[in-house]
Amino acid sequence: MENEKGASSSTFKMGNSAQERSLPYVPDCYAVPPSYEPRDALDSKSESVPTIDISRLKGSDDERRGVIQEIRLACQSFGFFQIVNHGIDQSILDDALAVAKGFFELPAKEKNKFMSNDVYAPVRYTTSLKDGLDKTQFWRIFLKHYAHPLHRWIHLWPQNPPEYREKIGKFCEEVRILSLEIMGAITESLGLGRDYMSSRMSENGMQVMAVNCYPPCPDPKTALGLPPHSDYSCITILLQNLTGLEIFDLTAHGGSGRWVHVPEVKGVLKVHIGDHVEVLSNGLYKSVIHKVTLNEEKTRISLASLHSLGMDDKMSVPCQLVNDENPVRYRESSFNDFLGFLVKNDISQGDRFIDTLRIKD
Ligand code: OGA
Ligand code: NI
């Protein structure tokens, strides 16, 4: 029976969503409008995704310069790259994915302790984007929590599965160290020096961990796990157990763009340039638009670690990147400003924070 097929978004609130109940059909309010995919179809040539061996950041000056150049090119063309030889043990990645999966397998009663629709809550468990509120619903269940400084937040995290705090905590710490290294390389690639952001990011910087679960979907062509969006962060570091991530290559097809499927290779981490690095670069680097597609058989888990400045610390365009040809292109903003935006806008309909920051010529 498909008696809820035509029901509205509010029917599928947290606890009652189609993805939590494994409905055997996709309700209409999960159907992604055609306007979402106005651009070119998927390009399956995955070799076009840049992959960078970042162990060379610790090598000779020449090696480091080589990596910085690769990062610069990747940030300019895609706003995205994959990293290999990042130094995080495979067992840490495997354990984090396994314990995250374990969390979603717990009985509803256990998970619902964290249920919240308050975007300001430091730990919250919910569905879709803004559960039951957005016009279009997404086939996602997620837990989002703050992760830095760890000692300030970890006691608020789930205690079940019993190893959740330890395994996710370890992953968060390692990824954070990596994020500082990559941010140093990014600011160096912009000519700002490797320490340009380091004190602001390491002392008060925020780390928000999005632990995402995308259950099998009976009709993966109709619904999405996440709609096209960019992250507000400086950078996001992502770990996934299965493919599903697609990024939008703005430069393809003479500027009309195309979707690129990101392959899954064990141990590889993905780096997204977020809105705040677009601002930091005065538009030279673009925050990557990405989306999550679904599959019919398997549960996809991803861990997205979002790294940004402190809650009220404003990102602005550095004066070194401003001259007569390059006026300031973005207004300053903070993570808190982003949360305000999130409350008032509907990302499911394509609203983007970065668009509110652009200064028109
Ligand atoms: C996100 C995101 C991608 C994924 O959480 O912002 O884009 O693969 N996640 O789950
Ligand atoms: Ni994202």
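This is a short tour of a predicted model, with a suggestion at each stop for what to select next.

**Stop 1: the annotated domain**

Select residues 202-309. An unreviewed UniProt entry lists this stretch as "domain: Fe2OG dioxygenase". Colour the selection by secondary structure and you will find 42% strand and 7% helix. Then pick the C-alpha atoms at the two ends of the stretch: they are 9 Å apart.

**Stop 2: ligand 1 and its surroundings**

Now centre the view on ligand 1. The space that ligand 1 takes up is the largest cavity. Which residues surround ligand 1? Show Arg140, Asn212, Tyr214, Leu226, His229 and Asp231 as sticks, then add Leu238, His290, Val292, Arg300, Ser302 and Ala304. If you colour this shell by residue type, it divides into five nonpolar, four polar and three charged residues.

Next, switch to the cartoon and look for the strands behind those side chains. Four strands each supply at least two residues of the shell: β6 (206-214), β7 (226-229), β12 (290-292) and β13 (300-308). Which strand gives the most to the shell? That is β13, with three residues.

**Stop 3: polar neighbours of ligand 1**

Stay with ligand 1 and turn on distances to its oxygen atoms. Begin with Tyr214, where an N or O atom of the side chain is 2.6 Å from a ligand oxygen. Move on to Arg300, whose side chain has an N or O atom 2.8 Å from an oxygen of ligand 1. Finish with His229: one of its polar side-chain atoms lies 3.2 Å from a ligand oxygen. How much of ligand 1 does the protein cover? On its own, ligand 1 has 290 Å² of accessible area, and the protein covers 95% of that.

**Stop 4: two cis peptide bonds**

Leave the ligand and select His148 and Pro149. The peptide bond joining His148 to Pro149 is cis, with omega near -10°. Zoom out a little to see that Pro149 sits in the loop between β5 (141-146) and α5 (150-153).

Follow the chain on to Asn160 and Pro161. Here too the peptide bond is cis, with omega near -5°. Pro161 belongs to the loop between α5 and α6 (164-189). These bonds deserve a look because most peptide bonds are trans.

**Stop 5: two asparagines with positive phi**

Most residues other than glycine have a negative phi. Select Asn85, where phi is positive, near 50°. Asn85 is in the loop between β3 (80-84) and α3 (90-104).

For the last selection, go to Asn282. Its phi is also positive, near 55°. Look for Asn282 in the loop that runs between α8 (275-280) and β12. From there you can follow the chain into β12, one of the strands that supply at least two residues of the shell around ligand 1.

Terms used:
Residues numbered from 1 in each chain as written. Chains lettered and ligands numbered in written order. Predicted model: local features only at pLDDT ≥ 70, side-chain atom pairs only at ≥ 80, totals over all residues. Heavy atoms only, no water. UniProt positions renumbered as here; feature names shortened; annotations may be inferred. Near = heavy atom within 4 Å. Polar contact = N/O pair within 3.5 Å; in protein donor to acceptor, adjacent residues only side chain to side chain. Areas by Shrake-Rupley, 256 points an atom, 1.4 Å probe, with all protein chains shown as cover. 1 Å grid on protein atoms, 1.4 Å probe; cavity = no way out; pocket = protein on both sides within 12 Å on 5 of 7 lines; lining within 4 Å. Sits in = over half its atoms within 2 Å of the grid points. Nonpolar A, V, L, I, M, F, W, Y, C, P; charged D, E, K, R; others polar.
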